[in-house]
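Work through the exercises below with the sequence and coordinates at hand. Each task is followed by a solution in steps.

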Amino acid sequence: MKGAPFHPEPFTFNLPMATVTIAELLERKTRGEKIAMLTAYDYPVARVLDEAGIDVVLVGDSLGMVVLGYETTTPVTMEEMLHHAKAARRGVTRALLVGDMPFLSFRSTLEESVRNAGRFAQEAGCDAVKVEWKPGIEDVAQAIVRAGIPVMGHVGLTPQTAAGEGGFGMRGKDAESAARIISQAIALAEVGCFAMVLECLPDVVAQEITQRLAIPTIGIGSGPFCDGQVLVTYDLIGLFERFRPRFVKRYADVAGTIRQAAGSYITEVRTGVFPGKEQTSSMPSEELTKLKQALG
Ligand code: KIV
């Protein structure tokens with residue numbers, strides 16, 4: 001309106017802020033209410049999980065194995081993660097969205113680690129990032145937290161380096177390694193991580209960490225005593241079939257459903273059943289007559 005003062009709309013990239021906040025997750029721990037987290041790598045799955053009421057959506061670097069078909073998560077790049085995190089962002093309006101920092105994104109300098117964490121926040125609109133434990137990770141996590149980006153830690157089995165650490169089995173099964181992992185979790189919490197993924201630990205070790213940390217623990221293959229649980233969605237829905245870890249519970253057989261649907265489609269195309277009348281549009285007969293005349 002002419003002469004009216006100009007009040008620009010706040011620039012939000014069209015993305016609503018998460019309504020599940022970090023403060024809310026901390027309160028859940030205090031109240032003893034469990035946190036449910038799942039992975040997503042694209043718009044439709046992120047959207048469905050969000051609508052289903054998931055608390056945290058992780059754009060995990062499991063992307064490399066379950067979507068991109070790599071043998072491990074090690075080859076996953078920042079560009080691949082950002083591409084998928086942006087898509088997931090468009091589907092998530094309520095849950096907290098966490099971007100998983102891939103293998104080489106936080107292993108050189110602190111500056112580069114902060115820059116890469118910043119890309120998840122700025123370019124993909126993630127609410128937080130996750131880092132797997134490695135020697136010196138406390139400094140990295142602290143630098144990212146100081147830059148204003150919330151960090152989720154990840155201890156126990158750390159898939160990015162698992163191959164060089166004796167494979168993908170359980171961690172912390174003996175007293176010495178359990179004590180080491182407990183101090184890693186405490187160190188990450190002390191530098192300001194807001195939550196901690198505990199992967200493939202004995203239930204009692206996860207329980208010990210959960211009791212010692214003021215921040216929520218999110219278990220995967222670490223038993224029921226964590227403050228929350230996470231699974232790779234493609235495992236849970238039965239879409240990733242290459243292997244199934246013992247800790248995975250399958251809630252659906254999506255690969256089977258796709259196979260069945262594709263099989264029916266193939267048969268119907270070959271037999272001429274598809275497309276049928278309902279999927280076909282016609283032309284008014286007078287227009288068809290005109291067309292034929294025009295074509296001669
Ligand atoms: O990459 C991933 O999906 C993860 C979860 C399994 C915790 O790190």
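**Exercise 1.** Which residues does Leu-198 touch, not counting residues up to four places away in sequence?

Solution. The model is a predicted one. Contact means heavy atoms within 4.5 Å. With sequence neighbours up to four places away left out, Leu-198 touches Val-155, Ala-206, Ile-209, Thr-210, Thr-217, Ile-218, Gly-219, Ile-220, Ser-222 and Cys-226. Next, place Leu-198 in its core: the largest nonpolar core has 57 residues, and Leu-198 is listed among those with the most contacts inside it, as are Met-101, Phe-120, Val-129, Ile-144, Met-196 and Ile-209. Apart from this core lies another, of 16 residues, including Val-20, Met-37, Ala-195 and Val-230.

**Exercise 2.** Compare the expected span of helix α10 with the distance between its end C-alpha atoms.

Solution. Helix α10 covers residues 254–271, which is 18 residues. The expected span is 1.5 Å times one less than the number of residues, so α10 should span 26 Å. Its end C-alpha atoms are 26 Å apart, in agreement. Just after α10, Gly-272 has a positive phi of about 80°.

**Exercise 3.** Classify Tyr-265 by accessibility and name the surface patch to which Tyr-265 contributes.

Solution. Tyr-265 sits in helix α10. Its relative accessibility is 48%. Exposed requires over 50% and buried under 20%, so Tyr-265 counts as partly exposed. Together with Ile-266, Val-269 and Phe-274, Tyr-265 makes a nonpolar surface patch of about 350 Å².

**Exercise 4.** Is Glu-190 buried or exposed?

Solution. Glu-190 belongs to helix α7, residues 175–190. Its relative accessible area is 65%, so Glu-190 is exposed. In sequence, Glu-190 and Ile-215 are 25 residues apart; in space, their C-alpha atoms are 10.0 Å apart.

Definitions and conventions: Residues numbered from 1 in each chain as written. Predicted model: local features only at pLDDT ≥ 70, side-chain atom pairs only at ≥ 80, totals over all residues. Heavy atoms only, no water. Helix = DSSP H or I, 4+ residues; strand = E, 2+ residues; numbered from the N terminus. Patch = residues over 30% accessible without salt bridge, like charges linked within 9 Å, V, L, I, M, F, W, Y side chains within 5 Å. Areas by Shrake-Rupley, 256 points an atom, 1.4 Å probe, with all protein chains shown as cover. Salt bridge = Lys/Arg side-chain N within 4 Å of Asp/Glu carboxyl O. Buried < 20%, exposed > 50% of the residue type's maximum accessible area, 1.4 Å probe, protein only. Core = buried A, V, L, I, M, F, W, Y, C linked by side-chain atoms within 4.5 Å.
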